[in-house]
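Here are some short exercises to work through with the structure open beside you. Try each task before you read its solution.

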Amino acid sequence: MSLIELRNVRKIYEVGTELVHALDGVDLDVQRGEYLAIMGASGSGKSTLMNLLGCLDTPSEGSYHLNGNAVESMDDEELAGIRNKEIGFVFQTFNLLARTTALQNVELPLVYGGMGRAERHKKAADALARVGLADRARHMPNELSGGQRQRVAIARALVNDPSILLADEPTGNLDSATSEDIMVLFDQLHRGGNTVVLVTHEPDIADHASRKVLLRDGKVVSDTRREG
Amino acid sequence: MVLDENIRVAFTALRANLMRSVLTALGIIIGVAAVIAVVSIVQGLQHMITGQLENVGATFIQVVPKQEFGGPGMVQHQVRLTWEDGQAILQHVRNVGLITPQIFGQTEVKYRDRQHKPFVLGVNSDWPDVNKFNVDRGRFFSRLDLERRAKVAVVGTSVVDDLKVREPIGAEIYVGNTPVTIIGVMEKKGRALGFDYDDMVFVPFDSALNIFGRRAADQVQLQLQATTSESVDQVKDDIKRLLRERHHIVGETPDDFQVMVQNELISIYSKILGGVTAVVGAIVGVALLVGGIGIMNIMLVSVTERTREIGIRKSVGARRKDILVQFLIEAVTLALIGGVIGIALGYGAGVLAVKLIPGDFPAAHVPLWAVAIAFGFCSLVGIVFGIYPASKAAKLDPIEALRYE
């Protein structure tokens, strides 16, 4: 069984009186441990696809099974639970909570998962150590560099041991040297057994992945694997 | 989501906009401060008044002459209430245990070269038992002293201090021009409502008539104790009937005297104080409403400002309920902070007001129930006016919220 199984997924928005087919019959299978890049121009439907994969939204038609769970029929509460347990988001703009320490930011998914304080602290500290920021636990986001902030965000995504690490243009707000550092971190996480899905329009970022899926007009137009 | 985490988040958010939070809480602060200030003063008053009245007991009855002033052109009715009326009451009314006349006035008192002007009361030997106010040293004057027209006096502690009488029992003082010997010193009672209960000199009723003049005998107050609290109403009715008869008041003509029982005195004060409390309660209701609307307003602003934060929280697994509770707790925290500041300010205002009122005013007294109600109402205001912004936050679409700039 695939980790991600999309079958004939459509997402239709109503914009004014017109219907927009953001996704127009997408089939996609992702296996556990894969390193996938979803590429496409703006308007190709890759953001919509990422929202669906991240369980922030449900398809208008078709089915989506994540880790065996039928996501398409879930209500808001169940989706929140899936996001908490199965998905680790990494955003272009980091999306850390202001006035909240790095450690507390990383703890956030555990808080909503209902974990006790002591265990939460320990797991969050471990996650920060995995991204090399053990010594920045007490820092506020505004006291950290862009690269450090993204590492905190990655630690937050990892902390609940999700099924997928879902990164939306994770280097879009970083300079090229820092971008490279972050991508090296993703490579390490992938080698450590994590399933990583990158959403990007930058070919050199996508090159880190072992599989590239190209979207155009809401359809998958190519799906290529790199050997080795 | 865990409660302590929610409270931490609420405080972080409120501290981040400290000035705004305080200004928002101002409505609540003013409302709560007003209620606590008034309650503290009213409760202090009530505490003291009921304490004083309860002290003399439920069987205490007082009869006072009622001055009737006629309209223009009408002759003032000459009111008389005499000790003879009192003796008649003792003779004819059942269940009257003790009775004393009382006349009083401020009169010069001298001891050696010292002078002082205390209240001088002319009473008989039942006065300490009727008023539950006894001698501490020496003795009160007896029936025998009254019959013998003994030149004696019993003084309060303030008089002893003021006249610098080192050994009061046996000391000779002048009340007006009458020399008397001190035979007792009253127990210390303290001050209340500007009146010093220790600044009094008691002399036998007849001596007081000599000091104040014979006319004073027509304007006597009568204080008595019914034998049981059940008989108070009967005693009151019988006194009315007897005095109307003795004063030749017939038909619809109103009494020229007033019979007051302790319960009525308490209920009169309670009514006044209750009225004050009710008016303040209404004002506070309005203040809390205004404060609540302020909280709702600022919470709506806060939800909009923090749309992205809500999106982030939802993306990592916060459910609607978690977001709802988070913003509700923030609103309640805001209201409760207002409540705490309000209680502190109100108590301070109460204490200050008591200090500024000239004379002796009872100490401000904040009962626990008032604090509890203040907190209860603040929580209620926080919940009622926080629920709409909080549910708005909870319903936000995570995708839209994450995209919000």
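**Exercise 1. Confidence in chain A**

Task: Find where confidence in chain A is lowest and where it is highest.

Solution: Keep in mind that this is a predicted model. Start with the whole chain: the mean pLDDT of chain A is 93, and 99% of its residues reach 70 or more. Then go element by element. The low end is strand β5 (residues 69-70) of chain A, with a mean of 92. The high end is α5(A), at 96.

**Exercise 2. The sheet of chain A**

Task: Work out the strand order of the open sheet of six strands in chain A, and name its edge strands.

Solution: Walk across the sheet and you should read β6-β7-β8-β3-β9-β10 (chain A), with mixed pairing. The edges are β6 (87-90) and β10 of chain A, since each pairs on one side only. On average, neighbouring strands here are turned by 20° against each other, direction ignored.

Now zoom in on one edge. β9 (residues 211-216) and β10 (residues 219-225) of chain A run antiparallel and are joined by six bridges. To check the register, pick A:Leu214: its bridge partner in β10(A) is A:Ser222. Two residues sit between the strands of this hairpin, where A:Asp217 takes a positive phi near 50°.

Last, look for a helix over the sheet. Helix α6 (residues 176-191) of chain A lies across β3 (35-40), β7 (164-168) and β8 (195-200) of chain A, and runs at about 150° to β8(A).

**Exercise 3. A residue in β2(A)**

Task: Is A:Asp27 buried or partly exposed?

Solution: First place the residue: A:Asp27 belongs to strand β2 (residues 18-30) of chain A. Next count C-beta neighbours inside 10 Å; there are 13. Burial needs 20 or more, and exposed means 12 or fewer, so A:Asp27 counts as partly exposed. Then list its contacts, leaving aside neighbours within four places in sequence: A:Leu6, A:Arg7 and A:Asn8. A:Glu5 is 22 residues away along the chain, with 7.6 Å between its C-alpha atom and that of A:Asp27.

**Exercise 4. α3(A) and the contact between chains**

Task: How many residues of α3(A) are buried, and what covers them?

Solution: Eleven of its eleven residues are buried, among them A:Leu103, A:Val106 and A:Tyr112. The cover includes α2, α4 (117-130) and α5 (146-158) of chain A, and also α1 (3-16) and α11 (320-356) of chain B. Just after the helix, A:Gly114 takes a positive phi of about 85°.

With chain B in view, turn to the contact, which takes 19 residues from chain A and 17 residues from chain B. On the chain A side, the elements giving two or more residues are α2 (76-86) and α3 (102-112). α2(A) gives the most, with six residues. Sorted by class, this side has eight nonpolar, five polar and six charged residues.

**Exercise 5. The nonpolar cores**

Task: Which residues touch the most other members of the largest nonpolar core?

Solution: Of its 127 residues, look for A:Ile38, A:Ala155, B:Ile36 and B:Ala331. Helix α2 (residues 18-56) of chain B gives the most to this core, with 15 residues. Take B:Ala331 as an example: beyond neighbours within four places in sequence, its contacts include B:Ile295, B:Met299 and B:Phe385. Another core, of 51 residues, lies apart, and B:Phe140 and B:Ile239 are among its members.

Note on methods
Residues numbered from 1 in each chain as written. Chains lettered and ligands numbered in written order. Predicted model: local features only at pLDDT ≥ 70, side-chain atom pairs only at ≥ 80, totals over all residues. Contact = placed C-beta atoms within 7 Å. Helix = DSSP H or I, 4+ residues; strand = E, 2+ residues; numbered from the N terminus. Nonpolar A, V, L, I, M, F, W, Y, C, P; charged D, E, K, R; others polar. pLDDT = per-residue confidence, 0-100. Pairing = 2+ DSSP bridges. Axes fitted to C-alpha atoms, helices over the stretch in contact; angles between N-to-C directions. Core = buried A, V, L, I, M, F, W, Y, C linked by C-beta atoms within 7 Å.
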